[in-house]
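Student: Please take a close look at one loop in this model. Then work outward from there to the rest of the fold.

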Amino acid sequence: MNTTSLLIGAILFLSAFTQGLSGFGVALVSMALLPSIIGIKESIALVALVAFVVDLGVLLRYWRSLQFKKVLPLILASFIGVPVGIFLLRRADEGLALAILGIILVGYALYALSGLRLPELKGNLWAYFTGFVGGLLGGAYNTPGPPIIIYASCKKWEPDIFKGNLQTFFIQNSIIVLIGHWLSGNLTTDIWSLFGRGFPWLIAGLLLGLSMDRWINPEVFRKIVLVLLVVMGLRLIF
């Protein structure tokens, strides 16, 4: 195994471990690290495959806590956001796209670390708006998480419901994104090859993360990851 394959495997392991333990993070972590190794457009296509597997794995654990009616507006709005995001990505300069991705990572991480208590959102309008933005970011940068996580925090969902609902949104978002990338010709032989070589690392990280939530404080781990996201996001910007 060459150095590049080893680095990609380690990144997939860490990103899957993060989501298995905390319920989110596979796209945030992998998209913060992979673009500097294989490029942003290749990273987005690879992470679309990775996110689908990880989201499915976490959902299988928390599906009993799913409240589908609460995430349905998010899902419906993302159907519009994803193709718009993919369309914009194909026309974006890579340097500009990396900077925007870095801003998203830093902005979300600083928000999450701030401990801000946001008001509870009422009505479905916010859900449709958030779902569209999440889909847009998912299609463009494979990072639908920040607006959806903020929305879920405002709704004050219990931890298990939080994880079950988020995985449901993430997995359908991954499916739409994958279809979009397939139609756009982004799922090349090289991407499938990278995914195949990284798959064992991915599964190992996911299983370890799901099994370690009783031994590691997820909140402490989440804060460590957020600090790292600030650093990695600043690297992408500058």
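**A loop residue and its surroundings**

Tutor: Asn142 lies in the loop that joins helix 7 (125–141) to helix 8 (145–155). The model is a predicted one, and what follows should be read in that light. The backbone at Asn142 has a phi near 60°, which is a positive value in a residue other than glycine. Is Asn142 buried or exposed? With a relative accessible area of 4%, Asn142 falls under the 20% limit and therefore counts as buried.

The neighbouring numbers lead to helix 6. Leu101 sits in helix 6 (residues 94–114), and its contacts include Tyr141 and Thr143. Leu101 also touches Met31, Pro35, Ile40 and Leu236, with residues up to four places away in sequence left out of the list. Its relative accessible area is 0%, so Leu101 is buried. As a distance along the chain, the C-alpha atoms of Leu101 and Tyr111 are ten residues apart in sequence and separated by 15 Å.

On the other side of the loop is helix 8, where Ile148 is found. Ile148 has a relative accessible area of 1% and is buried. Which residues does Ile148 touch, not counting residues up to four places away in sequence? They are Leu74, Thr130, Gly131, Gly134, Leu166, Phe169 and Phe170. One of these, Leu74, is 74 residues away from Ile148 in sequence, yet the two C-alpha atoms are 8.3 Å apart in space.

Leu74 belongs to helix 5. At 1% relative accessibility, Leu74 is buried as well. Leaving out residues up to four places away in sequence, Leu74 is in contact with Ala127, Thr130, Gly131, Ile148, Tyr151 and Phe169. Thr130, Gly131 and Phe169 thus touch Leu74, and they also touch Ile148. A further C-alpha pair, Leu74 and Val133, is separated by 9.4 Å, with their positions 59 residues apart along the chain.

Tyr141 also leads to the core. The largest nonpolar core has 74 residues, and Leu46, Tyr141 and Leu229 touch the most other members. Helix 4 gives the most to this core, with 13 residues. In soluble globular proteins, nonpolar side chains tend to be buried together. Leu46 makes contact with Ile8, Leu34, Ile38, Ile191, Leu194 and Phe195, again without residues up to four places away in sequence.

The contact between Leu46 and Ile8 is part of a helix pair. The axes of helix 1 (residues 3–22) and helix 4 (residues 40–62) come within 10 Å and cross at roughly 35°. The crossing of helix 1 with helix 4 is right-handed. From helix 1 come Ile8, Leu12, Ala16, Gln19 and Gly20, and they meet Leu46, Val50, Val54, Asp55 and Val58 from helix 4. By class, this contact has seven nonpolar, two polar and one charged residues.

Beyond helix 4, Trp63 is placed in the loop leading to helix 5 (68–90). Is Trp63 buried, partly exposed or exposed? Its relative accessible area is 47%, which lies between the 20% and 50% limits, so Trp63 is partly exposed. The C-alpha atoms of Trp63 and Ile8 are 29 Å apart, and 55 residues separate the two along the chain.

The last step is to the whole chain. Its secondary structure comes to eleven helices and zero strands. With a radius of gyration of 16 Å, close to the 18 Å that the globule rule gives for 238 residues, the chain is as compact as a globular protein of that length. Its C-alpha atoms fill a box of roughly 50 × 40 × 35 Å along the principal axes. Of the 238 residues, 55% count as buried. Among contacts between residues at least 6 apart in sequence, 84% join residues at least 24 apart. The pair Ile148 and Leu74, at 74 residues apart, is one example of such a contact.

Key: Residues are numbered from 1 along each chain as its sequence is written. This is a predicted model: local features need pLDDT of at least 70, side-chain atom pairs count only at pLDDT 80 or more; totals for chains, interfaces and linings use all residues. Side-chain values use heavy atoms; hydrogens and water are left out. Axes are lines fitted to C-alpha atoms, for helices over the stretch in contact, and angles run from 0 to 180 degrees between N-to-C directions. Helices (H or I, at least four residues) and strands (E, at least two) are DSSP runs, numbered from the N terminus. A crossing is left-handed if the near helix is turned anticlockwise from the far one by less than a right angle, and right-handed if clockwise. Contact means heavy atoms within 4.5 Å. Ala, Val, Leu, Ile, Met, Phe, Trp, Tyr, Cys and Pro count as nonpolar, Asp, Glu, Lys and Arg as charged, and the others, Gly among them, as polar. Buried means under 20% relative accessible area, exposed over 50%, partly exposed in between (1.4 Å probe, protein chains only). A nonpolar core is a set of buried Ala, Val, Leu, Ile, Met, Phe, Trp, Tyr and Cys residues joined through side-chain atoms within 4.5 Å. The radius of gyration is taken over C-alpha atoms; the globule rule is 2.2 Å times the number of residues to the power 0.38.
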